[in-house]
Amino acid sequence: MDCKKYFGFFDEEHPEPYVIKSGTLPIIISAPHTYRHFREGRVKEAERGAGVIAMALGDMKSTHWMVKAREDGDDPNYSADSPYKKALAAYMTENGVRYLIDLHELAPSRPTDVNPLINGGKNIKGNEDLYGEIKNVFINGGFTVTEDFPYAGKTDNRVTAYVNRKTGLFSLQLELNSRLLYPGGEHCRLDDMLKAFGNIVGAIMRHDMKKDG
Ligand SMILES: [Zn+2]
């Protein structure tokens with residue numbers, strides 16, 4: 001897939017600090033660090049590859065997506081009071097969106113490909129089967145997966161922790177190694193990653209039907 005237009009999204013000027021695009025499936029992919037931001041005085045580089053996955057998947061599978069569109073001083077995965085995650089939780093409730101995947105990027109120096117933040121199982125309680133399927137999609141796609149390493153997802157101000165607290169809905173944070181996501185890079189596997197996310201959408205929808213039926 002030619003992902004140039006998705007990367008180009010971040011070169012445009014956006015009036016709002018975040019953009020939400022609706023889809024038809026009850027799944028939203030969020031990428032709250034698609035703009036450079038500051039955390040305790042240190043600069044954190046933009047995670048645009050994560051946003052590209054969210055947007056491209058929306059076009060491929062009609063999932064909802066939400067990305068940061070400009071800097072506004074909000075670090076949704078760290079600030080206690082974050083307009084981004086408030087809007088996300090409200091959007092899910094109002095639009096019948098039942099599954100959140102919040103995407104982030106690991107530094108390329110990290111050896112692992114995918115780091116799910118499950119906090120020893122606490123963050124996926126009651127959804128172990130679905131989580132297991134998501135994990136297997138990555139493994140079957142040839143990606144290495146390390147649960148809770150380097151990040152375990154213990155802190156309360158994370159986007160997924162906030163949304164789960166407010167809505168009770170399935171909320172999973174995934175860190176993807178950034179070396180896999182940027183076209184032109186030696187280790188880029190963006191197409192494989194998008195294919196994996198397509199399979200994850202399939203797994204979630206099968207799970208969702210089983211639950212309803
Ligand atoms: Zn991040």
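What radius of gyration does the protein chain have, and how does this value stand against that of a compact globule with 213 residues?

1. The model under discussion is a predicted one, and its overall dimensions are a useful place to begin. The protein chain has a radius of gyration of 16 Å, which agrees with the value near 17 Å that a compact globule of 213 residues would have. Taken along the principal axes, the box filled by the C-alpha atoms of the protein chain is roughly 45 × 40 × 30 Å.

2. As to secondary structure, the protein chain contains 6 helices and 8 strands, and these elements, read along the sequence, come in the pattern α-β-β-β-β-α-β-α-β-β-α-α-β-α.

3. On burial and contacts, 40% of the 213 residues in the protein chain are buried. When one considers the contacts between residues at least 6 apart in sequence, 78% of them join residues that are at least 24 apart.

4. One residue may serve as a local example, namely Y35, which is placed in the loop between β2 (27-31) and β3 (37-39). Is Y35 buried or exposed? Y35 counts as buried because it has 24 C-beta neighbours inside 10 Å, where 20 or more are required for a residue to be called buried.

5. The surroundings of Y35 also include residues from elsewhere in the sequence: leaving aside residues up to four places away, Y35 touches A46, K68, R70 and E71. For one of these, R70, the separation along the chain is 35 residues, while the C-alpha atoms of Y35 and R70 are separated by 6.0 Å.

Technical notes:
Residues numbered from 1 in each chain as written. Predicted model: local features only at pLDDT ≥ 70, side-chain atom pairs only at ≥ 80, totals over all residues. Helix = DSSP H or I, 4+ residues; strand = E, 2+ residues; numbered from the N terminus. Rg over C-alpha atoms; globule rule 2.2 N^0.38 Å. Buried ≥ 20, exposed ≤ 12 C-beta atoms within 10 Å, placed from the backbone. Contact = placed C-beta atoms within 7 Å.
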